[in-house]
Amino acid sequence: MFTGMDEVDWASMGHAYGPADDVPGLLRALASADPAERESALDGMYTAVHHQGDVYDSTLACIPFLLELVASPEVQDRGAIVELLTSIGGIDLDDDELDPEDEEFEDAANYAMAAAAVAAGADVFVGLLGDPDAGVRLAAPCALAMLHGDPARVLALLRDRLEGERDTEVRLALVEAVGRIALRHEPLRAESVNWLTTLLAPHRPPGLRLSALTQLARCAPGLLPDDVASTATALLRATDEAAACSAAGSGPGAGSRAEAAGGDGGPGAPWADDLLRTLHSALGDRVDDRIALLTGQLTSADPDQRTDAVWMCHGLIRAWRGPYDEVVRLVGAQLDDPDPLLHGAAASLLESLFGLALPAADALAERVRTADGERPADRRALVALARLGDARAVPALARALEQPDPPRDAAFAVPYLGDRAAPLVPVLRRRLGEVALDEQLYDRAAPLLTGIAGVRAAEALPEVLRVLRGAPAPGGEWVTEAALRALTTFGTAALPAAPELRGLLGGASSRPSSSVVAAAARALWAATGDAAAVLPVLRELLTADGPDERRAAAAALGAIGRPAADAAPALRDLLASPERWLRMDAAVALWRVTGEARESLPVLRTAWEENRYGRVEIAECLAEMGPSAGPAAPLLRAELARPRRHNVLDGGSGSHDIEQDERLLTLCRAALRPRA
C-alpha cells in the first residue's frame, strides 16, 4: 500500500494551511488500527486537504492513494473514505466555469481534474456494493451514481443489489442513488422512474416505499399520487409501529414484522428524518401537500419526529406563503412537552412568526404563565406572545425588565403591545435612568428606548434627555439616534428638548453624521412644527455626495410631508439617480411632500421590479396613494398571487423576514381596496 507516495514532492504542494508535507502522515493514519487516529486523520483531510470543498494540487495527488485505501479490505472505516472521494470528485461544473479567461479558472480546472481522476478509478466502487462492512455498502451507491462513467451499468447494478441487501439504510441509499441517476442522466430517467414506481407496490416494505416516493418527488413529480401527504404519513406510521414492536419485543415474530416494515431503527430513526427533509424539499411549492405532511408529523407519537417537523416548519413558512393556522396550532401544542429540544424548537419557531403565531396564542400564554422565565425557550415564548400584542405577556415582561441584566429581546418586544404596554412604562423609565453613560450605553439603552418609543411614553422625557445629553463620543451616535426616534414619537411633548435638537442640526462644520442630523430634524419638526428650522438642513443634505446622506434627508422630508413641498425640485432631481435605493426613497418622499403621484409612480413601479427588498416601503406608499396608484395594481395582484415570499434569500434568512413579507401582503391588499 502507498507505493510511490514518498516519491511525491508533497512539500512543493499546498493545502488550506500551507505546505502539504503533512499529507503522507494523514494518508497513513487513515489506515491505522487506532480508531482515534483514523478519525483525526479524516478530520485533517477535510479541514486542510479538502477544506470547505476546495481542491488543491495536494488533493489531486491524494486521489490514487485514497482509491488504494478503499480497495484494501483490511482498512477500517472505508465508508468514510468513499464519502471523501465522492466529495472530492463529485463537483459538477458548467462549461462556462472552465473558461480560461475566468479569474477562477484554476480552481475550476482542479475540480475538473479531480472528477476525472476519481472517475478513472471508479470501478473500485463496484466491488463495494457487496462489501461485508455495512458502512462501506452505505457509501458506495452514491459514489457510483455520481462518479462512475457508465451510468447505465451502474443503474443495473443498483437495481440488482437491492434484492439481496438486508440493511435498511443501505437499501435506502440504493434507491437514492437511482434517483440521482435519473436527475443526472436524462436518457436513463424513464427507466429509473419506472423502476422507482415498482417500489411503491403494497407488498414492498413501507420504508422502501417512502424512499421511492421521495425520489419520485425529486425526478418525476408528475407521477406522484394525489394524496402524496397522506400516503407518506401512513408509510411513516407503519415504519414507526413496526420499529416500536421490535424495540418492545412484543410477541413472536416482532422482529420479522419490523423487517417487513422496512426498518431496523427505532422511531425517529435518522433515515426517516432525512427522507422527510428530502421529500419536503422535492415538493417545493406544493405548500398544501407539505402542510398536510407536517400535520401528520406533528401528530406523531414520537417526540423526535415532532421535533424534526417543527424545524421543517421553519423552512417551509420562511420561504412559502400558505394557510398555516392548523400547523401553528400543532406547534403550539408542543410547548408543554417535557422534551427540551421539542418545546425549545416550538418556541423558537413561534417567536419568528409574529402575527402568524396567533393560533398558538393560548398555548404561549399558558407557557408564559407557568414558566420561571429563566430558560431560553421561556423567553422566546414570552417574546412570541408579546409580538402578538397579547396583554397576557405584560406581567412576565415586567418581571423580565426587573432583572439585573434585562434581556434585550424583552424590551424590543414592548412596541408590539401598543397601549397594552402602558403598565410597563414605570419600569422602562427606571431602568433607562439607571444605565451607566459609558461605552456600553447603546447595548443597554437601545432596547429600553425602543420600548419607550413603542408606547409613546412622553413622561419618559427626562430619562431620554439624560441619554441624549450623556451619550459618549466614541460610538455614541447609534444611541443618539435611538433617543431621537423616541423623542419623535413624543410629538409636542418633546418641546423641552428643542435646544438639544437645534444643537444637533448645528452648522455644516460641526454637525454629527447625516443620519443623526436627519433624525434630529424629524424630532424637532414633531416637537415644534417649525419647518423653517429643519428644511434648509435637509435640503442641504439632499445635495451631499454620499447616497446615504441623501436617503436620510429624503426619508425625513417624506415624514414632514406637505410642509416640505419646497424640497420637491431637489427630490425630482434624484428620481434619475444611479442609486436604486435613492431613486425609490426620493419617489416616496416626492409623493408625500406633493400629494402628486404622476412623477413618483413610474419610478416606484420600476423599483418594484428591480429591487424586491424595497417592496414593503413601496407598497406602503401605494396604499397611501389610494386610487392614484391604479397603474400599479397589476404588480400588487401578481404579488398577492405569488406563493413564494418576496424576501427569500438562498443560504440565509433574517429574524424579521416572515413579518416583513406578511406586512407586504397586508399593504398590497390595502392598496387594492376600493376607497369610499
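This is a short tutorial dialogue on reading pockets and helix packing in a predicted model.

Biologist: Let's start with the pockets. What volume does the largest pocket have?

Modeller: The largest pocket has a volume of about 700 Å³. It is lined by 20 residues, and those closest to its centre are E481, R485, T488, T489 and R522.

Biologist: Which elements give two or more residues to that lining?

Modeller: They are α24 (441-455), α26 (476-490), α28 (514-528) and α30 (547-560). Among these, α28 provides the largest share, with six residues.

Biologist: How does the lining of the largest pocket divide by class?

Modeller: There are 11 nonpolar, five polar and four charged residues in the lining of the largest pocket.

Biologist: Now the second largest pocket, please. How much space lies in it, and which residues lie nearest its centre?

Modeller: The second largest pocket holds about 460 Å³ of space. Its lining is made of 20 residues, with L138, E169, A173, E176 and D274 nearest the centre. By class, this lining has nine nonpolar, five polar and six charged residues.

Biologist: Which helices should I display around the second largest pocket?

Modeller: Show α4 (78-89), α7 (134-147), α9 (168-184), α11 (206-219) and α14 (270-283), each of which supplies at least two lining residues. The largest share comes from α9, which gives six residues.

Biologist: We will meet α9 again, I think. How are two packed helices described?

Modeller: Two numbers do the job: the angle between the axes of the helices and the distance between those axes. Take α9 and helix α10 (residues 189-198): they pack at an angle of about 150°, and their axes are 8 Å apart.

Biologist: Why is α9 called roughly antiparallel to α10?

Modeller: Angles over 145 degrees count as roughly antiparallel, so the angle between these two axes makes α9 roughly antiparallel to α10. The two helices cross in a left-handed sense.

Biologist: Which residues make that contact?

Modeller: From α9 come V175, V178, I181, A182 and L183, and from α10 come R189, S192, W195 and L196. Sorted by class, the contact of α9 with α10 has seven nonpolar residues, one polar and one charged.

Biologist: Could we try another pair? At what angle do α15 and α17 cross?

Modeller: Helix α15 (residues 287-298) and helix α17 (residues 325-333) cross at roughly 20°, and their axes come within 10 Å. Angles under 35 degrees count as roughly parallel, so α15 is roughly parallel to α17.

Biologist: Is the crossing of α15 and α17 left-handed or right-handed?

Modeller: α15 passes α17 in a left-handed crossing.

Biologist: And which residues meet there?

Modeller: In α15, I291, L294, T295 and L298 meet V327, L330 and V331 in α17. The contact of α15 with α17 divides into six nonpolar residues, one polar and no charged.

Terms used. Residues numbered from 1 in each chain as written. Predicted model: local features only at pLDDT ≥ 70, side-chain atom pairs only at ≥ 80, totals over all residues. Heavy atoms only, no water. 1 Å grid on protein atoms, 1.4 Å probe; cavity = no way out; pocket = protein on both sides within 12 Å on 5 of 7 lines; lining within 4 Å. Points joined across faces, edges and corners; volume = space filled by probe spheres on them. Helix = DSSP H or I, 4+ residues; strand = E, 2+ residues; numbered from the N terminus. Nonpolar A, V, L, I, M, F, W, Y, C, P; charged D, E, K, R; others polar. Axes fitted to C-alpha atoms, helices over the stretch in contact; angles between N-to-C directions. Parallel < 35°, antiparallel > 145°, perpendicular 65-115°, else oblique. Left-handed = near helix turned anticlockwise from the far one by under 90°. Contact = heavy atoms within 4.5 Å.
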